[in-house]
Amino acid sequence: MSKIVSILAHDHSDFLKHLNSLERQTKIVAQGGTPDLMAIRAILDCFNGSPRRNHYRREEMLWGLLEERAPQLAAKVNVVLRYHRTLDARLQQLTECFAELESGQETGRRPFVEAATRFVEFERSHFADETEHLFPIARKILGEADVAGLDATLPIPSSSGTVIELGAA
């Protein structure tokens, strides 16, 4: 299918690895241990930084074209885009809770654990929804010309930072 769908699936795989790491660090915090604050910071930087923005941009291109070709999917596409806004709000809350934890305040442990747990669960649910529902629909509905148009748009770095030439064979 489309390279853009493959790249999005790869992004999801990368993000899920980060979520697994965040979940491990969250368990350490919940158990009263000493988490790897640098690892948590790196994970949050990934979710707050350009990898996520590039991912959103690619998804918005795909979902926009999907909605154009299948207007009956507009409600589903809008749900996914609302997920992004909700995820952004949860990420902001998690980042704020991490700052409190990072400052060494013992009272920051519980809010961090709660925010991290909500973020991880919601993000996994979001990825599953896209991967299990929207990606297969995109594969069925979008034609070769649609896919070629998306793939040729521009080189965009994957979530890992590697530039993937969308127009390259």
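# Close-up views of a predicted model

**View 1. Buried residues line helix 3.** In helix 3, the buried residues are Pro51, Arg52, Asn54, His55, Tyr56, Arg58, Glu59, Leu62, Trp63, Leu65 and Leu66. The model shown here and in the other views is predicted. Helix 3 covers residues 50-69, and its end C-alpha atoms are 29 Å apart. That distance agrees with the 28 Å that its 20 residues should span at 1.5 Å a residue.

**View 2. The whole chain gives the setting for the close-ups.** The chain has 6 helices and 2 strands. Along the sequence these elements follow the pattern α-α-α-α-α-α-β-β, so a reader tracing the chain from its start passes the helices before the strands. Of the 169 residues, 42% are buried. The chain exposes about 8,400 Å², and carbon and sulfur atoms supply 54% of that area. Among contacts between residues at least 6 apart in sequence, 76% join residues at least 24 apart.

**View 3. Leu62 of helix 3 touches residues from several parts of the sequence.** Leu62 lies in helix 3 and counts as buried, at 0% relative accessibility. Leaving aside residues up to four places away in sequence, Leu62 touches Ile4, Val5, Leu8, Phe135, Ala138, Leu142 and Leu150. One of these, Phe135, is 73 residues from Leu62 in sequence, yet the two C-alpha atoms are 9.3 Å apart in space.

**View 4. Val5 is a contact of Leu62, shown here from the side of helix 1.** Val5 lies in helix 1. Its relative accessibility is 1%, and Val5 therefore counts as buried. Not counting residues up to four places away in sequence, Val5 touches Leu62, Phe135 and Arg139. Phe135 is thus listed as a contact of Val5 and also as a contact of Leu62. The C-alpha atoms of Val5 and Pro136 are 9.5 Å apart, although the residues are separated by 131 places in sequence. Asp151 offers another long step along the chain: 146 residues separate Asp151 from Val5, and their C-alpha atoms are separated by 9.3 Å. Asp151 is found in helix 6, residues 144-151, and is buried, with a relative accessible area of 9%.

**View 5. Asp11 and His55 make a polar contact.** Asp11 has its place in helix 1. With a relative accessible area of 0%, Asp11 is buried. The side chain of Asp11 makes a polar contact with the side chain of His55, at 2.7 Å. His55 is among the buried residues of helix 3.

**View 6. Helix 4 packs its buried residues against other helices.** Helix 4 has 29 residues and reaches 41 Å from its first C-alpha to its last, close to the 42 Å expected at 1.5 Å a residue. Its buried residues are Ala74, Val77, Val80, His84, Leu87, Leu91, Leu94, Thr95, Cys97, Phe98 and Leu101. These buried residues pack against helix 1, helix 2, helix 3 and helix 5. After helix 4 comes Gly104, whose phi is positive, near 90°.

**View 7. His84 is seen with its contacts.** His84 has its place in helix 4, residues 74-102. The relative accessible area of His84 is 3%, and the residue is buried. Not counting residues up to four places away in sequence, His84 touches Tyr56, Glu59, His126 and Glu130. Tyr56 and Glu59 are among the buried residues of helix 3.

**View 8. Aromatic rings pair between helix 1 and helix 5.** The structure holds 6 aromatic pairs. In the pair of Phe15 and Phe127, the ring centres are 5.9 Å apart and the planes lie at 10°, so the pair is stacked. Phe15 lies in helix 1 (residues 3-30) and Phe127 in helix 5 (residues 109-141), so the pair ties together parts that are 112 residues apart in sequence. Both Phe15 and Phe127 are buried. Ring pairs also link Phe15, Phe47, Phe119 and Phe127 into a cluster.

**View 9. A charged end sits over a ring.** The residues in this view are Arg90 and Phe122. The charged end of Arg90 sits over the ring of Phe122, at 4.4 Å from the centre of that ring.

Conventions:
Residues are numbered from 1 along each chain as its sequence is written. This is a predicted model: local features need pLDDT of at least 70, side-chain atom pairs count only at pLDDT 80 or more; totals for chains, interfaces and linings use all residues. Side-chain values use heavy atoms; hydrogens and water are left out. Rings of Phe, Tyr and Trp (its six-membered ring) pair if their centres lie within 6.5 Å; planes under 30 degrees apart count as stacked, over 60 as edge-to-face and the rest as tilted. Helices (H or I, at least four residues) and strands (E, at least two) are DSSP runs, numbered from the N terminus. Buried means under 20% relative accessible area, exposed over 50%, partly exposed in between (1.4 Å probe, protein chains only). A charge sits over a ring if NZ of Lys or CZ of Arg is within 6 Å of the ring centre and within 35 degrees of the ring normal. Contact means heavy atoms within 4.5 Å. Accessible areas come from the Shrake-Rupley method with a 1.4 Å probe; for residues, only the protein chains shown count as cover. The expected span of a helix is 1.5 Å times one less than its number of residues. A polar contact is a pair of N or O atoms within 3.5 Å; within protein, one must be able to donate a hydrogen and the other to accept it, and residues adjacent in sequence count only if both atoms are side-chain atoms.
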